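Please walk through this structure from its overall build to its finer details. The paragraphs below take the parts in turn.

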Amino acid sequence: MTRTALIVAGGKGLRMGSDLPKQFLPIGGKPVLMHTIEAFHRFDKEIRIVLVLPREQQPYWKELCVKHQFAIDHIIANGGETRFHSVKNGLHYAEPGLVGIHDGVRPFVSQEVIGRCYEMALAKRAVIPVINVVETVRHLTETGSETVNRDDYKLVQTPQVFDTALLKEAYAQEYTPSFTDDASVVEAMGIPVYLTEGNRENIKITTPFDLKISSALIECSI
Ligand SMILES: Nc1ccn([C@@H]2O[C@H](COP(=O)(O)OP(=O)(O)OP(=O)(O)O)[C@@H](O)[C@H]2O)c(=O)n1
Ligand SMILES: C[C@](O)(CO)[C@H](O)COP(=O)(O)O
């Protein structure tokens, strides 16, 4: 079964507010994106890696690869207007088999989580990692807000792994803003999505605060 890892890094990183796009920010002396790609290569040396990057960032990425002697083979696809459009662009390069869509800014995904998502997707065709909500959750109402049962909710991570043909069919649908991840796109076709346990360290580096957490996490892992 051929495995593809489609790593999306086509966003603008507005919430990070740094001049350097967040996927290139160094943690542990190396750009975030290199840690992410290495996680998938460590899991499977044969995995096909497709990296989605805004066209204007591609020359800089190639410079970084030379500078860091980064030799993991990968195909580069162009970023799109939204995450949905970036994934759709990258999917052109996915092989029949299984494809895992992963945020380029989630470098701390564990080997166990990657392995479990691909393994379960062999039978289930659509698998995503989730973690429990550890804080109390309130729902905003017209008159104020109310506590809801947090056990009714999960926080969603990546990699989200699918049968490639199924995901390509899902991404042929027209875009709607409610498509905030790949599971929501597949679900819109009436296909069930299966959950598996994610790992708490698998944060999506979004704000400067997340970068501080990342530096601490990388020190633990070196
Ligand atoms: N047009 C887009 C938008 C997002 N992404 C990717 O989707 C992942 C999750 O998105 P997020 O963390 O929200 O990144 P940005 O959209 O870049 O951040 P922001 O919303 O702060 O601008 C990131 O790896 C991001 O690069 C993408 O490939 N193409
Ligand atoms: C795909 C994702 O990381 C799952 O939690 C998330 O939905 C991405 O959201 P964003 O709007 O691109 O930040």
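**A guided walk through the model**

Q69 sits in the loop that runs between α2 and β5. This residue has a positive phi of about 50° although it is not a glycine, and it counts as exposed because there are 6 C-beta neighbours inside 10 Å, where 12 or fewer is the limit for that class. The model is a predicted one, and the angles and distances in this account are to be read with that in mind.

A second residue can be set beside Q69. R125, found in the loop between α4 (111–124) and β7 (126–132), has a positive phi of about 75° although it is not a glycine. R125 has 19 C-beta neighbours inside 10 Å and therefore counts as partly exposed, since a residue is buried if 20 or more such atoms lie within that distance. Another backbone feature is found at the peptide bond from T158 to P159, which is cis, with omega near 15°, and P159 itself lies in the loop between β10 (154–156) and β11 (160–163).

From these single positions the view can widen to the whole chain. The protein chain contains seven helices and 12 strands. Its radius of gyration is 17 Å, close to the 17 Å that the globule rule gives for 222 residues, so the chain is as compact as a globular protein of that length. Taken along the principal axes, the C-alpha atoms of the protein chain fill a box of roughly 55 × 40 × 30 Å. Of the 222 residues, 36% count as buried, and among the contacts between residues at least 6 apart in sequence, 72% join residues at least 24 apart.

What lies inside the chain? In soluble globular proteins, nonpolar side chains tend to be buried together. Here the largest nonpolar core has 48 residues, of which L6, I7 and V52 touch the most other members. Helix α1 (residues 32–43) gives the most to this core, with seven residues. V52 offers a way to look at the surroundings of one core member: not counting residues up to four places away in sequence, V52 touches L6, I7, V8, A9 and G10, together with A77, G79, S86, N89 and G90.

S86 and G90, both touched by V52, lead on to helix α3 (83–91). The buried residues of α3 are F84, S86, V87, K88, G90 and L91. What covers the buried residues of this helix includes the strands β1 (3–8), β4 (48–53), β5 (75–78) and β6, as well as the helices α5 (164–170) and α6 (182–187).

After α3 the chain enters a loop that leads to β6 (98–103), and E95 has its place there. E95 counts as partly exposed because it has 13 C-beta neighbours inside 10 Å. Leaving aside its neighbours within four places in sequence, E95 is in contact with T2, T4, R48 and T164. E95 and P26, by contrast, are 69 residues apart in sequence and 31 Å apart in space, C-alpha to C-alpha.

Another loop position is Q57, which lies between β4 and α2 (58–67). With 17 C-beta neighbours inside 10 Å, Q57 counts as partly exposed. Q57 and N78 are 21 residues apart in sequence, and their C-alpha atoms are 9.6 Å apart in space.

The pairing of two strands can be followed residue by residue. Strand β8 (residues 137–140) and strand β9 (residues 145–148) run antiparallel and are joined by four bridges, and a hairpin of four residues leads from β8 to β9. Within this pair, V137 stands opposite V148 in β9, while R138 stands opposite T147 in β9.

Last come the ligands. Ligand 1 is surrounded by 20 residues, the closest being G10, G11, L14, R15 and S86, and the shell divides into five nonpolar, nine polar and six charged residues. G10 and S86 have already appeared among the residues that V52 touches. Around ligand 2 are R83, D103, V156, Q157, T158, T180, D181 and K204, which by class give one nonpolar, three polar and four charged residues. T158 in this shell is also the residue from which the cis peptide bond runs to P159.

Notes
Residues are numbered from 1 along each chain as its sequence is written. Chains are lettered from A and ligands numbered from 1 in the order in which they are written. This is a predicted model: local features need pLDDT of at least 70, side-chain atom pairs count only at pLDDT 80 or more; totals for chains, interfaces and linings use all residues. Two residues are in contact if their C-beta atoms, placed from the backbone, lie within 7 Å. A residue is near a molecule or strand if its C-beta atom, placed from the backbone, lies within 6 Å of it. Ala, Val, Leu, Ile, Met, Phe, Trp, Tyr, Cys and Pro count as nonpolar, Asp, Glu, Lys and Arg as charged, and the others, Gly among them, as polar. A nonpolar core is a set of buried Ala, Val, Leu, Ile, Met, Phe, Trp, Tyr and Cys residues joined through C-beta atoms within 7 Å. The radius of gyration is taken over C-alpha atoms; the globule rule is 2.2 Å times the number of residues to the power 0.38. Two strands pair if DSSP finds at least two bridges between them.
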